[in-house]
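This report accompanies the sequence and the model displayed below. Please keep both in view while reading.

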Amino acid sequence: MSDGEKRTDDEEAGEADGLRKIIHVDMDAFFASVEQRDNPELRGKPVAVGGSSGRGVVAAASYEARKFGVRSAMPSVTAKRKCPDLIFVKSRFDAYREVSQQIRAIFRHHTDLVEPLSLDEAYLDVTEDKLGIGSATRIAELIRQEIRAKTRLTASAGVSYNKFLAKIASDQNKPDGLCVIRPGEGAEFVSTLPIRRFHGVGPKGAEKMARLGIETGGDLAAKDIEWLRAHFGSFADYLYRAARGIDLRPVRSSRTRKSVGGERTFSRDLSSGSELRETMEEIIDIVWGYIERAEAKGRTVTLKMKYNDFTIFSRAKTVDTPITDRETFAGIGRALLEEVLPLPMPIRLMGLTLSKLERNGEAEKPRPDAQLSLL
């Protein structure tokens, strides 16, 4: 359903027929949009938030930059090559947090069941909304209007009867769009989607599925659970349900996460100290951006490596107090790398993770239904 399209009484009744009403709100090119809002000279131009140096990484890109293929986590030199007129601006996380707080206040005006995923996106359960509006679609419209009025930024929203479908829907009509997947429509909607659109299926996972003849949600739905378990192990149950538009996870207002991290698989194996140190700097930039976005504080930094024989090695360091600044995180990451140099053999992957996360001074407890990801 397009933005502004009216709903029938039967549709409203179906929405309330024992099903949840879930909204996923996702700000459009959030970091870059804040920069364009605050600096009129950047409006309408390709903008990348991040460092422009040889080892810099794009943290966010405006839609003008995305037309050239510029994406977050892309090395800055690659981004500049794709878009020669790209304008780099330094990140201002204090400004992004301030806007995020405004947005969350808007959410909580409608429901207390808000599950933030990062500074710029969240799930809302409006099955019982505070203002008694009743229609999740109408609430999503109002939220988008309020965000535009109070922040001068745009948001896209997805409305459905579970989290998986709501998240997919929010990406359907970006930017500044609204998409509704009604009860009974989930399986059909998912069947036409490219498998890469499934949350948790990364580039490597999509490549593996393509080799197995799976290109769309419909292809995935045609596989039985035993076949999926044989090929995808513990990830199979999630894939089986997702291909049918099923997701039983509730919106958790006290959502916790166990770790924040990122990793890179190289186009060629690396072994020299200079190459590994340079790669470490890129990974630090990428992962610290994720940490800032998630507002995470943790005490353990883990270095992960995969050798060219596919064996995995990791080394971790835990500190007494939560890590709250980039330099401390970067220093630990660099030290972990120096401890293992020189390497016994070349590596094909390197990653960093921050764990033992804390909230309000208390260690977070692992969530029993934490979803696996296929990286």
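The sections below treat the sheet, one helix, the salt bridges and the aromatic contacts in turn.

The model is predicted: local features need pLDDT of at least 70, side-chain atom pairs count only at pLDDT 80 or more, and totals for chains, interfaces and linings use all residues. Residues are numbered from 1 along each chain as its sequence is written, and side-chain values use heavy atoms, with hydrogens and water left out.

**Sheet**

An open sheet of mixed pairing is built from five strands, ordered β5-β6-β1-β7-β8. Its edge strands, β5 (114-118) and β8 (178-180), each pair on one side only. From one strand to the next the twist averages 15 degrees. Within this sheet, β1 (residues 22-27) runs antiparallel to β7 (residues 155-160), and six bridges join them. Opposite Met27 stands Ala155 of β7. Strands here are DSSP runs of E with at least two residues, helices are runs of H or I with at least four residues, and both are numbered from the N terminus. Two strands pair if DSSP finds at least two bridges between them.

**Helix α7**

Helix α7 (residues 163-170) is largely enclosed by the rest of the structure, because eight of its eight residues are buried. Buried means under 20% relative accessible area, exposed over 50%, and partly exposed in between (1.4 Å probe, protein chains only). The buried residues of α7 include Lys163 and Lys167, together with Phe164 and Leu165. The N-terminal end of α7 is capped by Asn162, which places a side-chain oxygen 3.2 Å from the backbone nitrogen of Phe164.

**Salt bridges**

The whole structure contains 30 salt bridges, each being a side-chain nitrogen of Lys or Arg within 4 Å of a carboxyl oxygen of Asp or Glu. Three of them are tabulated here.

| Pair | Closest N to O distance |
|---|---|
| Arg37 and Asp38 | 2.8 Å |
| Arg268 and Glu275 | 2.5 Å |
| Arg326 and Asp285 | 2.4 Å |

In the pair of Arg326 and Asp285, Arg326 belongs to helix α14 (residues 326-340) and Asp285 to helix α13 (residues 273-294), so the contact ties together parts that are 41 residues apart in sequence. Arg326 is partly exposed at 25% relative accessibility, and Asp285 is partly exposed at 27%. Both residues belong to a salt-bridge network that links Glu281, Asp285, Arg326, Glu327 and Arg334.

Arg37 is buried at 16% relative accessibility, whereas its partner Asp38 is partly exposed at 37%. Arg268 is partly exposed at 49%, and Glu275 is partly exposed at 24%.

**Aromatic contacts**

There are 11 aromatic pairs in the structure. Rings of Phe, Tyr and Trp (its six-membered ring) pair if their centres lie within 6.5 Å; planes under 30 degrees apart count as stacked, over 60 as edge-to-face and the rest as tilted. Phe30 and Phe31 are both buried. Their ring centres lie 5.8 Å apart with planes at 50 degrees, so this pair is tilted. Phe31 and Tyr96 form a stacked pair, because their planes meet at 5 degrees, with the centres 4.3 Å apart. Phe31 lies in helix α2 (residues 30-38) and Tyr96 in helix α5 (residues 93-110), so this pair ties together parts 65 residues apart in sequence. Tyr96 is buried, as is Phe31. One aromatic cluster is formed by Phe30, Phe31, Phe93 and Tyr96.

Phe31 also has a charge over its ring: the charged end of Arg293 sits 4.4 Å from the ring centre. Elsewhere, Lys223 lies over the face of Trp227, 4.6 Å from the ring centre. Such a contact requires NZ of Lys or CZ of Arg within 6 Å of the ring centre and within 35 degrees of the ring normal.

Technical notes:
Axes fitted to C-alpha atoms, helices over the stretch in contact; angles between N-to-C directions. Polar contact = N/O pair within 3.5 Å; in protein donor to acceptor, adjacent residues only side chain to side chain.
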